[in-house]
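Visitor: Could you take me through some details of this chain, step by step, as you would for someone in a first course?

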Amino acid sequence: MHPHPRPTAVALALVLAVGASACSGSASDAAYTGPPRSGGTLRLALDFDPVCLDPQQSALGQSLNIGRQVVDSLTDQDPRTGRLVPWLATSWTTDAQATRFTFRLREGATFSDGGAVDAAAVKTNLDALHGLGAASSRGAVYLDGYRKTVVEDAHTATVVFAKPNAQFLRATSTTSLGLLSPKTLKRTPQERCRGEIAGSGPFTLDSYRPNSSVSLTRRSGYHWGSTRWKHEGDAYVKRVDYQIVPESTTRSGSLSAGRLDAVTPVAPQDAERFTQGGFRLLTRTDPGVVLSLYVNAERGALRDVRVRRALQKGIDRTAVATAFLGSADAAATGVLASTTPGRRALASDLAYDKAGAERLLSAAGWRKGSDGIRTRNGKRLVVDAIFVRQQSLELVQQQYKEIGVELRLRQLTVNQFPQTLKSKDYDLTLQNASRADPDVLTTVFADQSPVADADLRDRLHAASASADEKARTADFNAVQDDLVRDGYVLPVSETRTSVAYATRVRGLGLDASNRLSLYDTWLA
């Protein structure tokens, strides 16, 4: 999940100090046309702390961006086609009921602490992930119905489920199901969160200084990468130094000044400057659930479907996207983003309808008071929204006031956010969830967000389990209709992963879930 944190303003003096530094040789870098070079340190800034570096436990995008470089997965997903391709597994088979998945592993892969990536290691990982339960929010969903893993031979493992789980195969491409060494899995979850992890990926984790930096070092002898990658052997860059830089202006200024090689995310107002003058901009719409207000339908006025539907109609998504993202094209037109397989377009259901919203609220018994806010039985119509990054909510707040709803904004820290979600002490929460599969709907709305309709939750689980692809698609389409129609989720805008980088950085890529892929990256 992504609480979508947003930085605040930076002091002018700091901007000037950063801007005064000289840029580092972009002209000669841009002119270099030779083969990829090995070596160097990639200096990359993230917007906030990863909190927990164990990709099997964390759902934060920053953590998964780092973890993607440290752990390998059984399969990989092509961002263009959505198809699975070999990685640690060279081939796989699935039974007709989607309850047994057999993987044939490539030989020679090792974890950075010396252990072999074999069938026994796959079993140890899946058993441990299952044992984490809710501590692995994504793993718990991906392994729904998990029974056991059978070691057929040293390089063949069969994963067995007690009930159909068709989404598991696609989930094997995610960072969340990336493999850790059996030695790592003997550590406590807290130790693993602190960075005491070893994977089989092209980089190893060197150090983690909370709220400051994370450092990775290239592995020697790596030769079992995804078939989607462009070269074989060791990664090109010798080190990756992540710096935690919350302020967007500081990140952009440091990149412009040559103190950083790449930054992510890039504020919309800074994007154009990095499309020229020795810089490039990599951007792609995030797959999965768009930036949305998830509705706690178990609280107060939000128990009434008429109120939820009014909130749906009360958002002018085109105005929000234009104001905050600089493009009306980013306005949400469905629950799932345009880059998600199985996405259903629902633009007409998400059209701005102020008059319709007001009629629904009046029908529900809410009448406008002297200050324009509606009341019923002496109680004001107030809903609160929790968030880490406030992007777009100030305008939504104004739009809701026009229909008589007071939207209170409650900003939380990255650490406070998951605890508040767990307590359900909120009305709305601003989030998005990245995954290139409609099963992300099950992860979010059947298992994490408090959707009150038990039948809808059951239908989501059934869609994820279905081995019939046509029936599965139809089920997910119907669920998307209901989520929007009954106001369980209020889509706002699509989000985009954006990485600005100096032209000396070559081969920077994103995987199907828009996690950074640094294996093919090199420095000119």
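The talk below turns on a cysteine link and on some backbone angles in a predicted model.

Visitor: How many disulfides does a search of the whole structure find, and which residues does a disulfide join?
Guide: A disulfide is a covalent bond between the sulfur atoms of two cysteines. A search of the whole structure finds 1 disulfide, and its sulfur atoms lie 2.0 Å from each other. The residues that it joins are Cys-52 and Cys-193.

Visitor: How many residues apart are Cys-52 and Cys-193?
Guide: The disulfide joins Cys-52 to Cys-193, and this pair links distant parts of the chain. Cys-52 sits in the loop between strand S1 and helix H3, whereas Cys-193 belongs to helix H8, and the two are 141 residues apart.

Visitor: Is Ala-98 buried or exposed?
Guide: Ala-98 is found in the loop between strand S4 and strand S5, and its phi is near 60 degrees, a positive value in a residue other than glycine. Buried means under 20% relative accessible area. Because Ala-98 has a relative accessibility of 4%, it counts as buried.

Visitor: Which residue has a positive phi of about 70 degrees although it is not a glycine?
Guide: Most residues other than glycine have a negative phi. The residue with this positive phi lies in the loop between S1 and H3, and it is partly exposed, with a relative accessible area of 33%. The residue is Val-51.

Notes
Residues are numbered from 1 along each chain as its sequence is written. This is a predicted model: local features need pLDDT of at least 70, side-chain atom pairs count only at pLDDT 80 or more; totals for chains, interfaces and linings use all residues. Side-chain values use heavy atoms; hydrogens and water are left out. A disulfide is a pair of cysteine sulfur atoms within 2.5 Å. Helices (H or I, at least four residues) and strands (E, at least two) are DSSP runs, numbered from the N terminus. Buried means under 20% relative accessible area, exposed over 50%, partly exposed in between (1.4 Å probe, protein chains only).
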